[in-house]
Amino acid sequence: MTAGVTVLTPSDRTVVMLRVFTAPRHLVFDAWTQPSLLVKWYGAHGWNLVVAEVDLRLGGEWRFVWDGPDGASMSSGGVYREIDPPARLAYTESFDDHWYPGESLVSHDFTEQDDRTTLTTTMLFDSRHTRDLVVSSPMARGVAEGFDRLDAVLSPRRAS
C-alpha cells in the first residue's frame with residue numbers, strides 16, 4: 001500500500017515529512033532503532049542497507065551503508081542527541097559523499113492514536129541553499145519507497 005509522504009518546508013532551513021502507519025508507535029520506533037529491522041526496509045527500491053550500526057544511547061553513534069543499483073553505494077552516520085522511546089528520536093546526519101554540505105539535525109516524533117502512528121520527521125539544515133538541494137533531490141520519492149517497505153515490515157508484527 002502506498003500511503004505517500006507529505007513533505008513540507010515550514011521554514012527556510014527545515015523540511016518536515018509526515019506519514020501514518022497502521023501500527024502502534026512502539027513498533028514504528030523499534031523499526032528505526034533495531035538493526036535487524038532497519039536492514040529490511042531502510043532505503044528506496046533498489047537500495048539495500050548492508051551495514052546498520054546503532055549505539056542507541058545519548059552520544060552514541062550510528063552508521064548506515066547501502067548498496068544500490070549498478071554497483072552504487074552510499075553511507076551516512078551521526079550521533080544520537082535525544083532518545084525517548086517510543087515518542088521521540090533525534091540525531092545528527094551526515095553523508096560520506098557530502099551530496100549536500102554539512103550535517104543536518106533529524107528528529108522523529110511518533111504519535112499514536114487508535115493503533116495508528118503518525119511519524120513526523122523534521123530535518124534542520126544549516127542554510128536555505130542546503131534545504132533546497134535536498135528538496136530538489138529524489139529524497140521524497142526515496143523516503144516514500146522506504147516507508148512503503150517499512151509498512152510491509154510492520155504488517156506481520158502488528159498481528160503478533
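**Close-up 1. Five elements share the lining of the largest pocket.** Strand 5 (73–84), strand 6 (88–95), strand 7 (104–113), strand 8 (116–124) and helix 4 (139–159) each give at least two residues to this lining. Helix 4 provides the largest share, with six residues. As you explore, please keep in mind that this is a predicted model.

**Close-up 2. Here is the centre of the largest pocket, which has a volume of about 670 Å³.** The pocket is lined by 28 residues, and those closest to its centre are M74, F95, M139, G142 and V143. To find your way, start from M139, G142 and V143, whose numbers fall within the 139–159 span of helix 4.

**Close-up 3. The lining of the largest pocket brings together nonpolar, polar and charged residues.** Nonpolar residues account for 19 of the lining, while seven are polar and two are charged.

**Close-up 4. Now meet the one cavity of 30 Å³ or more that a search of the whole structure finds.** The largest cavity has a volume of about 40 Å³. Around it you will find W32, W62, F64, Y80, L89 and Y91.

**Close-up 5. Strand 4 (61–67) and strand 6 each contribute at least two residues to the lining of the largest cavity.** Strand 6 may look familiar, as this strand also supplies at least two residues of the lining of the largest pocket. By class, the cavity lining has six nonpolar residues, with no polar and no charged ones.

Notes: Residues numbered from 1 in each chain as written. Predicted model: local features only at pLDDT ≥ 70, side-chain atom pairs only at ≥ 80, totals over all residues. Heavy atoms only, no water. 1 Å grid on protein atoms, 1.4 Å probe; cavity = no way out; pocket = protein on both sides within 12 Å on 5 of 7 lines; lining within 4 Å. Points joined across faces, edges and corners; volume = space filled by probe spheres on them. Helix = DSSP H or I, 4+ residues; strand = E, 2+ residues; numbered from the N terminus. Nonpolar A, V, L, I, M, F, W, Y, C, P; charged D, E, K, R; others polar.
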